[in-house]
Every structure is written in C-alpha cells, then in structure tokens.
Amino acid sequence: MIEEPMLVDEGALRALVPRVLAGLVRRGEDFDAAEDALQEALLEALRVWPDNPPHNPHGWLATVATRRLVDARRSEIARYRREETTAYADPPPAAVEQGDDTLFLLFCCCHPDLAPASQVALTLRAVGGLTTREIADAFYVPEATMAQRISRAKRTVRGRRLDQPGDLAVVLRVLYLVYTTGHAGRVDLAAEAIRLTRQLNLATGEPEARGLLALMLLNHARLPARLDSEGRIVTLDRQDRSRWNSREIAEGVRVLQSALALQTDERPPGRYQIEAAIAALHDDAASAEETDWPQILSWYDDLVALTDDPVRQSPAAVLGRAVAVGHVLGPAAGLRETDRLSEVIGERHRWYAVRGHLHELAGDLDTAAAAYAEASRRATNLTEHDHLLRQAVRLRAAARTRPGDRP
C-alpha cells in the first residue's frame, strides 16, 4: 500500500516566517536578500516536507535560507544544489538568535527613516506574511505599485543597523494604521492588525500595547452592526447592539483592565488606553440613551490633556470631546467647542458632521441638514460622502413634516 504524503500546514509555515526572517536580519543579513532566501526555503519546504517532515521546522528553514544566502554570495547556486539534493531531509538546525523575533522584526519594519505607508506595507509583507498582491488589493493600488513601495522600503533600511532598540510608540502607531485601513480586498486588515498586536503583547508587558489591543477588540466588536444590508454606514446610536460581538467586548475589557492596573500617578494611561476606555463605555451601554456620557467626557479630558499644544491635538479626540460636551452640558456648549476648534483643526468634513449632530440634538433640523450637506461635499471617502448626504436628506424631510410645519 502506497503511503500518502503528509499535507503541509501552510498556516503553521507562515507563522514561522517572521521568526526566521528576524533571525537572519538580526545576524546582519541584508533585509531584501534575507527575504528572497527565505522564500526559496519555503518553496523547498513545500516540496520536501510532505514526504520527509523535519523534526525542527524553524531550524530547517533557517538553515536552508542561510545556505541560499551563501549560494548567492558565492555565485555557485547550481553546484551547491546538486551537492545538497539528498541533504534536505532534515538538515542540522542553524544557530537561532534568542529573544523575541516578532518584536525585533516589527521594529525593523517600522524604521524611522521609512514613510508611514512604507512602514505599513513592509510590516504586512515581512511580519504578516501577506503577498504583495494581497497588500495591493487591500490598499486599492496596482500590484506593481505596491511592489515598488516595498522595494523602496527595503532599499531605505539597507545598510542601517537593525540591532538597536526601536521605538515602541512607532510600532503601535503602524499597527493602528493597519487596523484603521479597514476591510478591503481579499485580506481583512483589521483582523490582521489584531493578530499582529496579539503577538506584540506576547513580547512586551507595556500597558500601551495592551491598550491598543483592547481598543482594536472593542471597536472590532461592533463591526457586524456597522453597515446595513446594502453596505451603508449605520451610526453608533442606531446600531443593533444585539449584533455586537460580546466575546470580543469581554476580552477587550479584560485586556484594558490589565493595562490600567499597571498605571501609577507617575505613569498615567496613554492614548490607546484612554481611547479603549471610551470605546468600552460605548460598548457597555445597552442602548444609546444609556451611554455614560459624563464618564466619556472625563476620559476625553484626559485624552486632550496628553498634549498642551492645540495644534498637535488629534482632530478625532477634540471633535469627540465636543460631542461629549454636547451630550453632557447641552448642544449649545458643544457648538461653542466646535467654534473654538475651527481655527485649530480647520473646517474639515468631520467638523461639519459634528456640527450637524449637535444642531440635531438642539432640534435645529434645517441648520443640521445644511451642516451635513457641507460635510458630504467635503468628504473624500465615497461611503462617508453617501452617508452624510443621507443624513442631510433625512433631516430636511424631518424638518418639513414637524408638527406645525406645512407638509
């Protein structure tokens, strides 16, 4: 009876990629050359492992990738492959650096000399293990364009010392950028960002890393209710909360609590922990009417207090605080906040959208509709544009049919 070859677990194989690549780069190998060598080793694994699985898959890949690098340097690839044809069953494991490879590789991909877009692309390619085509699909750009972006990123870090401690804040920002890019193409970037942030949390006990994971989970939990059956945005106050993912909410709350428990007066919560706390309060409310707006406003006060420079304030943070002010102190107070912010953050589409929301709270439907219409005109995202336009149309219709008004 002929024995069937074993199928290779491609998921497990993919999980090894960042560890092996990090070991090669940590050793001083060129990033681009190391990745090419590892890709050749992966192809060899898919050919050899079904019939002869190795005892040490990580060591096998590291050894074969190292041999490929040696081959390239010596320009003796053909001879070396002939000599090694029978040696691939289970080569002795290569020396593997100790330490957290995922964290190291994230720092490499988030090198400060790279532009944010390149940091994101290189992270998805090297740490996430996504193909260039998958990344291109996710960002709605041609595969050739993304290939050039990744190649430029590799050239930028070529020759740089990649064995120095990196900036965790940069890594967290890049992971958050991956998350906020959203869901597109064949790859769910939000889910990928959560996966990578989980890996990061296995490597570091930093509260802000936990805060970012909590924030992602608490926001991701609302995904099933965020769009209607026709793909249109459903605002938080109108979402069917029974569709929220309660398991993700519970996990997000646990992770957040573990982060906040590490804080002291000398080390207060950072941005991601505060934003996660705000998200948790929204998720905890059984209905929009039961939202704990005073507590949310308190957290927003802490968030905007992280920087004393108004110019450097996050537009999302200060506009979110204006909404909270409107719910706690009244729409007029919230509108005064937006007046104050117009010169600081500019009258961008979200500024007009917040104005529309606050005018609607005040019952001034015509002014609210006008604000939403202007927000729609300035929006660059088609889904947002359509949503804001529908808000304007809804309020104009409501204004015409109010009691006392002529139909």
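User: Over which residues, with 32 contacts beyond four places in sequence, does pLDDT stay under 50?

Analyst: Residues 85–99. The model is predicted, and pLDDT is the predictor's confidence on a scale from 0 to 100. A second stretch under 50 covers residues 76–82, for which the model has seven contacts beyond four places in sequence.

User: What are the average pLDDT of the protein and the share of residues that score at least 70?

Analyst: The average is 82, and 84% of the residues score at least 70.

User: Why is arginine 68 called buried?

Analyst: Buried means under 20% relative accessible area. Arginine 68 has 7% relative accessibility, so this residue counts as buried. Its place is in helix H3, residues 57–74.

User: What makes the pair of arginine 68 and glutamate 40 a polar contact?

Analyst: The cut-off for such a pair of N or O atoms is 3.5 Å. The side chains of arginine 68 and glutamate 40 make their contact at 3.1 Å, which is within that limit.

User: How much of the protein is buried, and how much area does the protein expose?

Analyst: Of its 407 residues, 49% count as buried. The protein exposes about 21000 Å², with carbon and sulfur atoms supplying 51% of that area. Its secondary structure consists of 20 helices and two strands.

User: How do you know that the span of helix H19 is close to the expected one?

Analyst: The expected span is 1.5 Å times one less than the number of residues. Helix H19, residues 365–378, has 14 residues, and the expected value is 20 Å. From first C-alpha to last, H19 reaches 20 Å, so the span is close to expectation.

User: Which residues of H19 are buried, and what do they pack against?

Analyst: The buried residues are Leu365, Ala368, Ala369, Ala371, Tyr372, Glu374, Ala375 and Ser376. They pack against helix H18 (349–361) and helix H20 (382–400). In an α-helix, residues three or four places apart point the same way, because there are 3.6 residues a turn.

User: Which residues have the most contacts inside the largest nonpolar core?

Analyst: They are Leu21, Phe31, Leu61, Leu105, Val171, Leu175 and Leu200, in a core of 116 residues. Helix H9, residues 168–181, gives the largest share of this core, nine residues.

User: What is leucine 200 in contact with, leaving aside its neighbours within four places in sequence?

Analyst: Leucine 200 is in contact with Leu103, Leu106, Leu168, Val171, Leu172, Leu175 and Ala209. Each of these contacts has heavy atoms within 4.5 Å.

Terms used:
Residues numbered from 1 in each chain as written. Predicted model: local features only at pLDDT ≥ 70, side-chain atom pairs only at ≥ 80, totals over all residues. Heavy atoms only, no water. Helix = DSSP H or I, 4+ residues; strand = E, 2+ residues; numbered from the N terminus. Buried < 20%, exposed > 50% of the residue type's maximum accessible area, 1.4 Å probe, protein only. Areas by Shrake-Rupley, 256 points an atom, 1.4 Å probe, with all protein chains shown as cover. Polar contact = N/O pair within 3.5 Å; in protein donor to acceptor, adjacent residues only side chain to side chain. Core = buried A, V, L, I, M, F, W, Y, C linked by side-chain atoms within 4.5 Å.
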